[in-house]
Amino acid sequence: MPLHPDIAKALATLPPPPPGPLDPAAMRAAEEAQVPPVAERLPLHAVEDATAGQVPVRIYTPDEAGTHGLLIYFHGGAFFLGSLDTHDHVARSLAKETGLKVVSAGYRRAPEHAFPAGLDDCYAVVRWAAANGGSLGWDGTTLAVAGDSSGGTFAAAVAATAHDDGFDRITHQVLYYPSLDLDFDTARYPSLRENAVGYGLETAGLKPFNAFYLDSGADPADPRVSPIKRADLGGLPPALIVTAEYDPMRDEGELYGRRLKEAGVEAAVIRYPGANHGFVQHFSWIPEYHRVFEETAAFLRGAS
């Protein structure tokens, strides 16, 4: 199907990018300026800020039940953008639709913090949640990791790191249009060519947007940076991989899903027609795309 008309309308209003190199401070300020006031956000039983060791987190409790499963969420933003606030609405919707307690991680970002600071923070939050399950009201069942875009990179890398460490408590991984291969050779995936221009995120922008992360020491050949380069995917948690029809990174996510299945891992891959990269963050107010949270809930209930 063509690009969803509401997405096309929104993209048509975007100004051209400013000339010169990317300015992380200005781009972050512009993002934060779009965050709605707390009174206008989806209400939940409780939302509180805390720290997981040294990492800021925001904890979302969906209802009054005494215990819940846990979902640890890592926001996207090309490793240098995004925050607890810019993705607050995603975490709220995840909590509401899944019925899980969501812990959103405010991990360290490039370029101020070199690789693997952000990844280490994400993994530390997962280990902290498991170690502090009693105080969090964890029911001891679901412990899922989830992320969108670069947050999906972290979710996949955290799941692999946990497996290698012998930490077997992660039950699911949910990857929304993940960035899984930071080698941006356009010959590698047809979607890098088919969706190169006109759909928001453009192929030519991948290198400069990810340069802050790569220049900080993240090697695209390292499976912690490009999870699709991991030689053995066996033993990883069941995965839900959500891709967007008009995303340059669509094909790497779908290939990762196939490779997981070939390795014996339960994996569901869902491509959203008419959607572009970032639709969970920017366009989940559209009913057919808000469904991603319902499908996430169904996956988390059904996979084991």
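A polar contact is a pair of N or O atoms within 3.5 Å, one able to donate a hydrogen and the other to accept it within protein. The legends below apply to a predicted model.

**View 1. Histidine 277 and its side-chain polar contacts with serine 149 and aspartate 247.** The side chains of histidine 277 and serine 149 are joined by a polar contact of 2.8 Å. With the side chain of aspartate 247, the side chain of histidine 277 makes a polar contact that also comes to 2.8 Å. Histidine 277 sits in the loop between β8 (267-276) and α10 (279-282). Because the relative accessibility of histidine 277 is 13%, and buried means under 20%, this residue counts as buried. Neighbours within four places in sequence left aside, the residues in contact with histidine 277 are Ser149, Tyr177, Leu201, Ala244, Tyr246, Asp247 and Met249.

**View 2. Serine 149, a residue with positive phi in the loop between β5 and α6.** β5 spans residues 138-148 and α6 spans 150-165, and serine 149 has its place in the loop between them. Most residues other than glycine have a negative phi. Serine 149 is not a glycine, yet its phi is positive, at about 60°. With a relative accessible area of 12%, serine 149 is buried. The side chain of serine 149 is the one that meets histidine 277 in the polar contact of 2.8 Å.

**View 3. Alanine 78, with positive phi, in the loop between β3 and α3.** The phi of alanine 78 is about 55°, a positive value in a residue that is not a glycine. The loop that holds alanine 78 runs between β3 and α3. Alanine 78 has a relative accessible area of 13% and is therefore buried.

**View 4. Strand β7 between its pairing partners β6 and β8.** Strand β7 covers residues 239-246, and eight of its eight residues are buried, so that the strand is mostly covered. Strand β6 (residues 172-176) runs parallel to β7 and is joined to it by four bridges. Glutamine 173 is placed opposite alanine 239 of β7. The pairing of β7 with β8 is also parallel and extends over seven bridges. Isoleucine 241 has valine 269 of β8 opposite.

**View 5. Strand β4 and its pairing with β2 and β3.** All five of the five residues of strand β4 (residues 101-105) are buried, so the strand is largely enclosed by the rest of the structure. Lys101, Val103 and Ala105 on one side, and Val102 and Ser104 on the other, are all buried, which leaves both faces of β4 covered. Strand β2 (residues 55-61) pairs with β4 in the antiparallel sense, over four bridges. In this pairing, tyrosine 60 stands opposite valine 102. Strand β3 (residues 68-74) runs parallel to β4, with five bridges between them. Valine 103 in β4 is the bridge partner of isoleucine 72.

**View 6. Arginine 92 in helix α3.** Helix α3 comprises residues 88-98 and contains arginine 92. Arginine 92 counts as buried because its relative accessibility is 7%. A polar atom of its side chain lies 2.6 Å from the backbone oxygen of leucine 42. The side chain of arginine 92 also shares a polar contact of 2.5 Å with the side chain of aspartate 88. Apart from neighbours within four places in sequence, arginine 92 is in contact with Val38, Arg41, Leu42, Pro43, Leu44, Val47 and Tyr60. Serine 104 is 12 residues from arginine 92 in sequence, and their C-alpha atoms are 9.8 Å apart.

**View 7. Two cis peptide bonds in the loop between β4 and α4.** Most peptide bonds are trans. The bond from alanine 110 to proline 111 is cis, with omega near 0°. Proline 111 belongs to the loop between β4 and α4 (117-131). Phenylalanine 115 and proline 116 are likewise joined by a cis peptide bond, with omega about 10°. Proline 116 also lies in the loop between β4 and α4.

**View 8. The largest cavity and its lining.** The count comes to one cavity of 30 Å³ or more. The volume of the largest cavity is about 60 Å³. Its lining consists of 13 residues, and those nearest its centre are Arg108, Ala110, His113, Gly118 and Tyr213. By class, the lining has eight nonpolar, three polar and two charged residues.

Definitions and conventions:
Residues numbered from 1 in each chain as written. Predicted model: local features only at pLDDT ≥ 70, side-chain atom pairs only at ≥ 80, totals over all residues. Heavy atoms only, no water. 1 Å grid on protein atoms, 1.4 Å probe; cavity = no way out; pocket = protein on both sides within 12 Å on 5 of 7 lines; lining within 4 Å. Points joined across faces, edges and corners; volume = space filled by probe spheres on them. Nonpolar A, V, L, I, M, F, W, Y, C, P; charged D, E, K, R; others polar. Buried < 20%, exposed > 50% of the residue type's maximum accessible area, 1.4 Å probe, protein only. Contact = heavy atoms within 4.5 Å. Pairing = 2+ DSSP bridges.
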